Amino acid sequence: MTMRKAVDVSVDAMIEDLRTLVEIESPSRNPDALTASAQAVAAVIESRLGGQAVLVESEAGPHVHWTAGGDPKVLILGHHDTVFPLGTLERRPFMVEDGHATGPGVFDMLGGLVQAVHGLATLEDRSGVEILVTADEEVGSRSSRALIEERAIACGAVLVVEGAADGGALKTGRKGCGTFHVSIAGRASHAGLEPAAGVNALIEASHQVLDIAALGRPGIGTTVTPTVASAGTLDNVVPAEATVIVDVRVESAGEKERIESALAALAPHLDEAKIAVRGAVSRPPMPESASAGLFAVAKRLLPGLEGKAVGGGSDGNFTAALGVPTLDGLGAVGGGAHADHEYLVVDAMAERATLVAGLVNAMQNAQEDENMRVL
């Protein structure tokens with residue numbers, strides 16, 4: 001079976017819905033902005049699919065949940081928060097030019113949401129389909145994780161409409177990822193009169209940065225990267241405090257445990273310095289085995305489609321870790337996530353919308369058609 005042509009999807013209509021969502025800025029941790037964004041997402045879903053999209057309130061902002069009814073079979077998963085602060089739109093307004101749509105959030109991941117909704121709108125039967133659009137994916141999904149996991153288990157399969165990998169490939173695997181905060185406590189003293197009386201937290205932090213970086217094993221996919229550091233108060237004071245923030249990416253549960261244990265066991269190099277570590281690999285790895293069945297169906301629908309394992313994490317990491325079949329990267333084709341050059345390829349929108357619809361249809365029919373069984 002291959003995918004029918006995307007004749008039922010209007011690119012113009014998708015562009016207008018995308019414009020609506022992009023022009024309501026939705027930075028993470030801004031509940032007022034996220035409330036407005038959630039209302040807009042709900043309105044787009046309701047206008048294209050009917051029914052009622054429910055706003056699920058949380059401390060992070062509202063999540064949006066829509067269901068077509070019937071026995072749950074597939075969860076369409078995305079988020080409406082973005083990394084861009086209020087005011088970005090004024091500097092970088094939504095535009096469509098030379099085949100690209102640009103503006104804050106077009107690729108990560110408002111374009112994917114719009115494509116999924118319009119793809120579903122082409123299906124006469126939407127029974128068993130749910131959509132969950134969360135408000136805090138960019139900042140760790142702390143308020144949405146339980147809901148994501150609940151609906152993923154209920155549905156039994158997850159399609160994540162995050163942006164595609166390079167070249168339009170689907171994301172068939174993801175690294176587990178987490179952030180750690182390393183705090184160093186020393187003792188202040190006068191840098192000129194009594195430098196030896198202090199315990200220099202900056203020097204201790206320098207030792208720790210080297211120790212932390214040495215934990216990485218790139219050959220097996222483990223990266224441990226100190227990313228932000230701060231120390232000191234005045235140029236004539238021995239620093240009493242320092243902090244180091246560390247980004248961690250792993251491909252296996254064993255490496256997750258090793259890194260978490262190693263960072264918890266960090267020991268000071270300077271006498272009387274103290275170290276405290278908080279954080280975890282909060283998104284477990286998404287193994288390629290979690291996507292294998294769904295990706296095989298996607299390739300039958302769209303021959304030539306490629307899959308890639310990537311370093312970034314998504315909410316698909318949570319669902320895959322539960323053993324729920326999960327396929328990621330089904331959203332916009334484009335690039336520049338989290339950057340000023342972010343863009344979406346307009347010519348790919350209809351094809352990707354139809355791909356989502358085809359996958360949903362395949363899962364709806366999986367129990368009746370042994371050739372389409374993916375679970």
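Guide: Contact, as the word is used here, means heavy atoms within 4.5 Å. Please keep in mind that the structure above is a predicted model.

Visitor: With that meaning in hand, which residues of α2 meet which residues of α4?

Guide: On the α2 side there are Val44, Ile45, Arg48 and Leu49, and these meet Val117, His118, Leu120 and Ala121 in α4.

Visitor: At what angle do these two helices pack, and how far apart are their axes?

Guide: Helix α2, which covers residues 31-49, packs against helix α4, residues 106-121, at an angle of about 20°, and the axes are 9 Å apart. Because angles under 35 degrees count as roughly parallel, α2 is described as roughly parallel to α4. The crossing of α2 and α4 is right-handed.

Visitor: How should I read a sheet, and in what order do the strands of the open sheet lie?

Guide: In general, the strands of a sheet pair through backbone hydrogen bonds, either parallel or antiparallel. In this structure, 4 strands form an open sheet in the order β10-β11-β9-β12, and their pairing is antiparallel. The edge strands, each of which pairs on one side only, are β10 (223-231) and β12 (274-283). From one strand to the next, the twist averages 15°.

Visitor: How many bridges join β9 to β12, and what stands opposite Cys177?

Guide: Strand β9, made of residues 176-185, is joined to β12 by 8 bridges, and the two run antiparallel. Cys177 stands opposite Arg283, a residue in β12.

Visitor: Which helix packs on the sheet?

Guide: That is helix α7 (residues 253-264), which touches β9, β10, β11 (241-250) and β12, and whose direction makes about 170° with that of β11.

Visitor: Turning to charged side chains, how many salt bridges are there?

Guide: The general idea is that side chains of opposite charge can pair when their charged atoms come close. The count for this model comes to 16 salt bridges. One of them joins Asp247 to Arg249, with the closest N and O atoms 2.9 Å apart. Asp247 is buried, at a relative accessible area of 18%, whereas Arg249 is partly exposed, at 23%. Elsewhere, salt bridges that share partners join Glu16, Arg19 and Glu23 into one network.

Visitor: Where in the chain do Arg19 and Glu16 lie with respect to each other?

Guide: Both belong to helix α1 (residues 11-22), and because they are 3 residues apart there, about one helical turn separates them. In the salt bridge between Arg19 and Glu16, the closest N and O atoms are 4.0 Å apart. Arg19 counts as partly exposed at 28% relative accessibility, and Glu16 also counts as partly exposed, at 43%.

Visitor: Which parts of the chain does the pair of Arg91 and Asp340 link?

Guide: Arg91 forms a salt bridge with Asp340, the closest N and O atoms being 3.1 Å apart. This pair links distant parts of the chain, since Arg91 lies in helix α3 (residues 88-91) and Asp340 in the loop between β15 (334-335) and β16 (343-345), 249 residues apart. Arg91 is exposed, with a relative accessible area of 54%, while Asp340 counts as partly exposed at 48%.

Visitor: Finally, is Glu137 buried or exposed?

Guide: Buried means under 20% relative accessible area, so Glu137, at 6% relative accessibility, counts as buried. Glu137 is found in the loop between β6 (129-134) and α5 (145-155). Leaving aside neighbours within four places in sequence, Glu137 is in contact with His79, Asp81, Glu162, Arg283, Gly313, Ser314 and Asp315.

Definitions and conventions: Residues are numbered from 1 along each chain as its sequence is written. This is a predicted model: local features need pLDDT of at least 70, side-chain atom pairs count only at pLDDT 80 or more; totals for chains, interfaces and linings use all residues. Side-chain values use heavy atoms; hydrogens and water are left out. Buried means under 20% relative accessible area, exposed over 50%, partly exposed in between (1.4 Å probe, protein chains only). Two strands pair if DSSP finds at least two bridges between them. Axes are lines fitted to C-alpha atoms, for helices over the stretch in contact, and angles run from 0 to 180 degrees between N-to-C directions. Angles under 35 degrees count as roughly parallel, over 145 as roughly antiparallel, 65 to 115 as roughly perpendicular and the rest as oblique. A crossing is left-handed if the near helix is turned anticlockwise from the far one by less than a right angle, and right-handed if clockwise.
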